[in-house]
Every structure is written in C-alpha cells, then in structure tokens.
Amino acid sequence: MTVAVPLSLIEAFDELARTPDARLIQGGTDLMVEINFNHVKPVDVIALRRIKELRTWQVNSNNTITIGSGVPYQEMEVGQLKELLPALAEAARTVGSPQIRAAGTLGGNLGTCSPAGDGLPVLFALDAIVHLQSLKSSRDLSIHEFMLGVKRNARHTNEIITGVTVPVLDGWQGYAKVGVRNAMVISVASACLAVDKKNNSVRIALGAVGPTIIRCRDAESWLVQQLDLTSATSIDTTIAQEFGRRVALESKPIDDHRSTAEYRRHAVGVLAQRLITRAYTS
Ligand SMILES: Cc1cc2nc3c(=O)[nH]c(=O)nc-3n(C[C@H](O)[C@H](O)[C@H](O)COP(=O)(O)OP(=O)(O)OC[C@H]3O[C@@H](n4cnc5c(N)ncnc54)[C@H](O)[C@@H]3O)c2cc1C
C-alpha cells in the first residue's frame, strides 16, 4: 500500500488525479477497521490529516458555521462550537472513546455514510450543506441529497468533502442515542431535535432506523400546531407522548444483529418524547 501525505488541498487533488482509485483517509477510525478486517485492500491511500485547510472551522457573517471535514470530534465538544451547536457537541461526546474522538471527524462520518453515524442526524436536523471539491470544480449539496442509502453518498470519486455549513439556530437543541451499553457503542437508535424559533419550526432527525437518516416532517408539522415554540416554557406530557408516537411511525427500522425493528421503533419514540420534554422544561 502506498500512502501519500499531501500538505494542501491542491497537492491532494494532484495526487487524486494521479491515482484516481486511491482511498482517502482522515482520522482512519473507519477505514483502518475495514483494512484490518480485509474488507478493503486499497493500493493507494491519500492521507488528509496534515491538510490544515480541512482542520479549521469558522463562524460566518450570515449566522452559519462552516466546519472543515478534518476537524476532530473532540473540538466540537468544547468552547464556541459547543455553545453554538449544542446538539453537535452532544453527538460528538457519544462517539467512541476519547482516542476515537481525537481522530474521528465529520468528514469521515459523511464519507462512510452509515445510518448509525452519530454526526449525521445532527446534520439532517440542521439542514446542513456539504461542500465537495475537485481539482476543477466545487459544489454544495444539501445533506438530504448527499446521503443516498446505507453507506452510499453522492460524492464523485475525484472529489474531497471539504466541510459542512450549518445554521446557528435560536432555540433548544439536543441529541440522544440508545446502544447496547452506555459508552463506546454504535447507535441502535438515535435522534436529534432542534427548535428554530425564528422560523417557528422544530426539526427532528432519526439515526439507525432506516437506510438513510430520517426527518420526521409529519411529526414536526403536527407539533408546531400544538405548541407556540417561541413562548412555551413547558409541554404537556400527553403532547410529548403523542409527538413520540408520531415520530416512531415515521421510522423505518429493520431487524439486524444489533437490535429488532420493534425495539428500535419504540426507542426512537421514547427518545423524541424525552428530547422535546428537555426542550420545554423551564
Ligand atoms: C472503536 C470505535 C468506536 C466508534 N464509535 C463510533 C460512534 O460511537 N459513533 C459513530 O458515529 N462512529 C463511531 N465509530 C466510527 C468512526 O469513528 C466515525 O465514523 C468517524 O466519524 C470516522 O471519521 P474518520 O475521520 O476516522 O474517517 P476515516 O476512517 O478516515 O474515513 C472514513 C471514510 O470516509 C472517507 N473520507 C474521509 N475523509 C474524507 C473526505 N474529506 N472526503 C471524502 N471522503 C472522506 C474515507 O475514504 C472512508 O471511506 C467508531 C469507530 C471505532 C473504531
């Protein structure tokens, strides 16, 4: 295996043009597992870890944040990123162990595109834009267009995911997941809820209960009719329960080695109910 270590995006694109079948690697916490288990045997690998442009993030003037694909989870758990994107901080904190969070990135979560990826429900709830760049062009795709299915995405082989842009919302947001134990665990079911007071909307996205992340649009619009999102300071238990029931109805879980469809459907209902209750507990 040949590993190229470019120091800039331009160098990485040159390398990708020279070896079009090369696999990209960022933190390596997904790819190295695949290589170790002989699931993939890349001949050429391009390591993106030393590219500084991918490891930065910034708050933009239009109240959005752009996070480079190489920013590790550990940076999202603290400081201004945590303050402005609390749901992302909560999701980041649930990923693997401190060692995994020091290396793993949103770029890798997007590259793998597992429905159980903990960063993805947050990106779906926030309607993130994914930035893709190749030697000659760049494009911005809505996260809803980017994720196509289980471990399938719309990235072209000559493109590098350079980052994502998400809005800073005015309103409570949070992330919760269920696994087979309390830590170091891949989600059996997960949910991200974000209240957007400015647009009088609530967004809820589910992980690990469908081939892609699922936005529960029906439950979202039902809730907006029950609750004044901008002024409410509490929520009736019956409304929170009904919200959970409606969210569960929109999930499309399957049975697999981690759980049953029935348990997953139940779990996302409970997660949704808990999240909306946390959002409106004064
Ligand atoms: C012990 C352990 C525990 C884990 N726990 C969790 C967990 O709790 N939650 C969770 O979501 N994940 C978990 N993971 C999986 C993994 O940590 C995450 O998916 C992480 O986000 C991957 O990021 P990475 O930078 O390490 O990706 P890499 O392994 O470097 O890459 C993953 C894929 O994305 C592609 N890729 C990487 N960067 C780019 C880019 N810039 N442009 C295009 N393609 C790119 C690669 O080619 C590869 O296909 C765990 C992994 C391990 C080993």
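Where in the protein is the place of Glu-77? In this predicted model, Glu-77 sits in the loop that runs between helix 3 (73-76) and helix 4 (79-84). Its relative accessible area is 16%, and a residue counts as buried when this value is under 20%, so Glu-77 is buried. The side chain of Glu-77 also has a partner: it makes a polar contact, at 3.1 Å, with the side chain of Arg-101.

With this residue placed, the view can widen to the whole protein. The chain is built with 12 helices and 14 strands. Along the principal axes, its C-alpha atoms fill a box of roughly 60 × 45 × 30 Å. A compact globule of 282 residues would be expected to have a radius of gyration near 19 Å, and the protein, at 19 Å, agrees with that expectation. Of the 282 residues, 53% are buried, and Glu-77 is one of the buried residues.

Attention turns next to the ligand. Both domain 1 (2-167) and domain 2 (173-279) contribute residues to the shell around the ligand, and therefore the ligand lies between the two domains. There are 34 residues around the ligand, and those that come nearest are Leu-24, Thr-29, Asp-30, Tyr-73 and Thr-105. Sorted by class, the shell holds 14 nonpolar, 15 polar and 5 charged residues.

Several side chains reach the ligand through polar atoms. For Asp-30, a polar side-chain atom is found 2.6 Å from an oxygen atom of the ligand. Tyr-73 likewise places an N or O atom of its side chain 2.6 Å from a ligand oxygen. On the nitrogen side, an N or O atom in the side chain of Asp-118 lies 2.6 Å from a nitrogen atom of the ligand. The ligand exposes 980 Å² when taken alone, and the protein buries 90% of that area.

The shell can also be read element by element. Two or more residues each are given by strand 2 (23-25), helix 2 (31-36), helix 6 (98-103), helix 7 (106-112) and strand 10 (160-167). Among these elements, helix 7 provides the largest share, with 5 residues.

Taken together, the ligand is found between domain 1 and domain 2, with 90% of its area buried by the protein. Asp-30 and Tyr-73, which are among the residues that come nearest to the ligand, each bring a polar side-chain atom to 2.6 Å from a ligand oxygen.

How values were computed:
Residues numbered from 1 in each chain as written. Predicted model: local features only at pLDDT ≥ 70, side-chain atom pairs only at ≥ 80, totals over all residues. Heavy atoms only, no water. Near = heavy atom within 4 Å. Polar contact = N/O pair within 3.5 Å; in protein donor to acceptor, adjacent residues only side chain to side chain. Areas by Shrake-Rupley, 256 points an atom, 1.4 Å probe, with all protein chains shown as cover. Helix = DSSP H or I, 4+ residues; strand = E, 2+ residues; numbered from the N terminus. Nonpolar A, V, L, I, M, F, W, Y, C, P; charged D, E, K, R; others polar. Domains from an automatic or database assignment. Rg over C-alpha atoms; globule rule 2.2 N^0.38 Å. Buried < 20%, exposed > 50% of the residue type's maximum accessible area, 1.4 Å probe, protein only.
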